[in-house]
Amino acid sequence: MARFRLRFLLQEIDLPPGESILGRSASCHITIEDPLVSRRHARIQVTGDRATIEDLGSRNGLFVGGQLARGVVDVSAGARVRVGTQELVICRSAEEVPARGPAPVTGFMIHCGGCGFPYAAEHACCPHCGSSARNEDTTLSGSSKQAWSLDLVVDTLLRAKDLGRWSDLERVLRQARRVVEELLASSEPVDRGRLDELADAAVALSMEQGRAEWGRWILEVYATLGWLPPGEIGRSLGTLPPDQRVTLVPTVERIVQSAVRHVSPKPLPKSSSTRPPSTKPAQALPSP
C-alpha cells in the first residue's frame, strides 16, 4: 500500500489511511497556525493508493495546482496545495504506512491577538506588545494578509539558511516571490527590514548556486520600490562569475535610475555654484 506524506516547508507529515483534517483548530489532525486558515479548512482522504482533498467551507479557499478546488479533488504525488499562506506538497512512497500519532502543530508562527504582530509559536507572549492573547477565532482576509505572510516566509527562509538547507530555501523563496509580488501590486507598505533579510537569503542562494537568478530578482524588487539595496548585497553579487554578473547590469541601471527619481533635489545656496548635486549612490552595486 502506498504511503502518502504532506510536505510543509521544512517538515514532512504522514497521511495514514482515512481522513486527515487540516485547519487552525487544535482538534485538527494537522494544525496550521495561520490566520488565513479556517478552524476546519480542508479534508485529505487516503484510501488505498488514492488520495483526495476537499474544501470544508473555508473563508479563503483551497487551491490545488494553482486552481481553486471545488468539491473532492484527486491529488497525486507532487501536487501543490495552498491553504491560507502555506504551500503544501503531496508526497508518495512505497514504504509501510505507520499508525497515526498525536495531531502535530505544523505552523512556525502565530498571530498576536493584541497588536496583530506575527511571532514564533514557542514564545509565551508577543515580543512586540507583551500580550499573551492569540488570534484563534478570526480568520483574516483582505490586505493585511500579505504583510503577515511576508513575516512568515522570511522567518522560515532564515531558518533554512541557517541550517544550510538550500533546496528548502529555494522552495520557500518561490513562495516569498509570490508574496512580494502581491504586496507590490497592492497598497500595502513593504517593511524595509524584512525585505533586507529576504535579500540576504536570496543572495546567499545565488552565491551557493553560482547563478544570478535570485540576486537579479531581489534587485528588481529594490528597483521597483526605488530603494538602494544594502552595500553588502552588491559586494556579494559582484563575486559571481563574469557571465552571471553581466546579466545584472540592466537591473542595476534600473536601480540607479529609480533611486534618482525618488530623490527630492535640495535647493542650492545662493552663494554656491550652479553645478547640480551628485546623485551617485553610495552603496556598492555589482559590476560586470
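**Exercise 1. A buried arginine**

Which backbone oxygen does the side chain of Arg24 reach, and at what distance? Find the loop that holds Arg24 and decide how accessible the residue is.

*Solution.* A word before we start: the model you are looking at is predicted.

- Step 1: Look between strand E3 (18–23) and strand E4 (30–31); the loop there holds Arg24.
- Step 2: Check the accessibility. The relative accessible area of Arg24 is 3%, and the cut-off for buried is under 20%. Arg24 is therefore buried.
- Step 3: Follow the side chain outward from the backbone. The side chain of Arg24 comes to 2.5 Å from the backbone oxygen of Val37.

**Exercise 2. The five-stranded sheet**

Work out the strand order of the open sheet of five strands, and say which strands stand at its edges.

*Solution.* Let us go through the sheet one pair at a time.

- Step 1: The order reads E4-E3-E5-E6-E9, and the pairing is mixed.
- Step 2: The edges belong to E4 and strand E9 (72–74); each has a single partner strand, so one side of each lacks a neighbour in the sheet.
- Step 3: Begin with E3 and strand E5 (residues 42–47), an antiparallel pair with five bridges. Within this pair, Gly18 has Val46 in E5 as its bridge partner.
- Step 4: Move on to E5 and E6, which are antiparallel and joined by six bridges. Here Ile44 is opposite Ile53 in E6.
- Step 5: Pause at the turn. The hairpin of E5 and E6 has two residues between the strands, and Gly48 adopts a positive phi near 60° there.
- Step 6: Finish with strand E6 (residues 50–55) and E9, where three bridges make an antiparallel pair. Ile53 turns up again, this time with Val73 in E9 as its bridge partner.

**Exercise 3. The six-stranded sheet and a helix across it**

Trace the open sheet of six strands from edge to edge, then find which strands helix H2 lies across.

*Solution.*

- Step 1: Read off the order, E2-E1-E11-E10-E7-E8, with antiparallel pairing.
- Step 2: The edge strands, which pair on one side only, are strand E2 (11–15) and strand E8 (67–68).
- Step 3: Five bridges hold E1 and E2 in an antiparallel pair. One residue to find is Phe4, which faces Leu15 in E2.
- Step 4: On to strand E1 (residues 3–8) and strand E11 (residues 86–93): they are antiparallel, with six bridges. Arg5 is opposite Cys91 in E11, and Arg7 has Val89 in E11 as its bridge partner.
- Step 5: Now add the helix. H2 (residues 166–185) lies across E1, strand E10 (80–83) and E11, and runs at about 45° to E10.

**Exercise 4. Two nonpolar cores**

Which residues of the largest nonpolar core touch the most other members, and which helix gives this core its largest share?

*Solution.*

- Step 1: The core has 35 residues, and those touching the most other members are Leu150, Leu157, Leu173, Leu198, Trp217 and Ile218.
- Step 2: Ask where the members come from. Two or more residues each are given by helix H1 (144–163), H2, helix H3 (192–209), helix H4 (213–225), helix H5 (231–237) and helix H7 (249–262). The largest share, eight residues, is from H4.
- Step 3: Take Leu198 as an example. Beyond its neighbours within four places in sequence, Leu198 contacts Leu150, Val154, Leu157, Leu173, Ala176, Val180, Trp217 and Ile218.
- Step 4: A separate core has 24 residues, including Ile32, Val37, Ile53 and Ile90. You have met Val37 already, as the residue whose backbone oxygen the Arg24 side chain reaches.
- Step 5: Return to helix H2 for Leu183. Its relative accessibility is 1%, so Leu183 counts as buried. The C-alpha atoms of Leu183 and Leu150 are 8.8 Å apart, with these positions 33 residues apart along the chain.

**Exercise 5. Cysteines and the whole chain**

How many disulfides are counted, and what percentage of the chain's residues is buried?

*Solution.*

- Step 1: With a cut-off of 2.5 Å between cysteine sulfur atoms, the count of disulfides is zero.
- Step 2: Check two cysteines for burial. Cys28 is buried, at a relative accessible area of 1%; Cys91 is buried as well, at 16%.
- Step 3: Step back to the whole chain, with its seven helices and 13 strands. Of its 288 residues, 44% are buried.
- Step 4: Finally, consider the contacts with a separation of 6 or more: 59% of them join residues 24 or more positions apart.

Note on methods
Residues are numbered from 1 along each chain as its sequence is written. This is a predicted model: local features need pLDDT of at least 70, side-chain atom pairs count only at pLDDT 80 or more; totals for chains, interfaces and linings use all residues. Side-chain values use heavy atoms; hydrogens and water are left out. Two strands pair if DSSP finds at least two bridges between them. Helices (H or I, at least four residues) and strands (E, at least two) are DSSP runs, numbered from the N terminus. Contact means heavy atoms within 4.5 Å. Axes are lines fitted to C-alpha atoms, for helices over the stretch in contact, and angles run from 0 to 180 degrees between N-to-C directions. A nonpolar core is a set of buried Ala, Val, Leu, Ile, Met, Phe, Trp, Tyr and Cys residues joined through side-chain atoms within 4.5 Å. Buried means under 20% relative accessible area, exposed over 50%, partly exposed in between (1.4 Å probe, protein chains only). A polar contact is a pair of N or O atoms within 3.5 Å; within protein, one must be able to donate a hydrogen and the other to accept it, and residues adjacent in sequence count only if both atoms are side-chain atoms.
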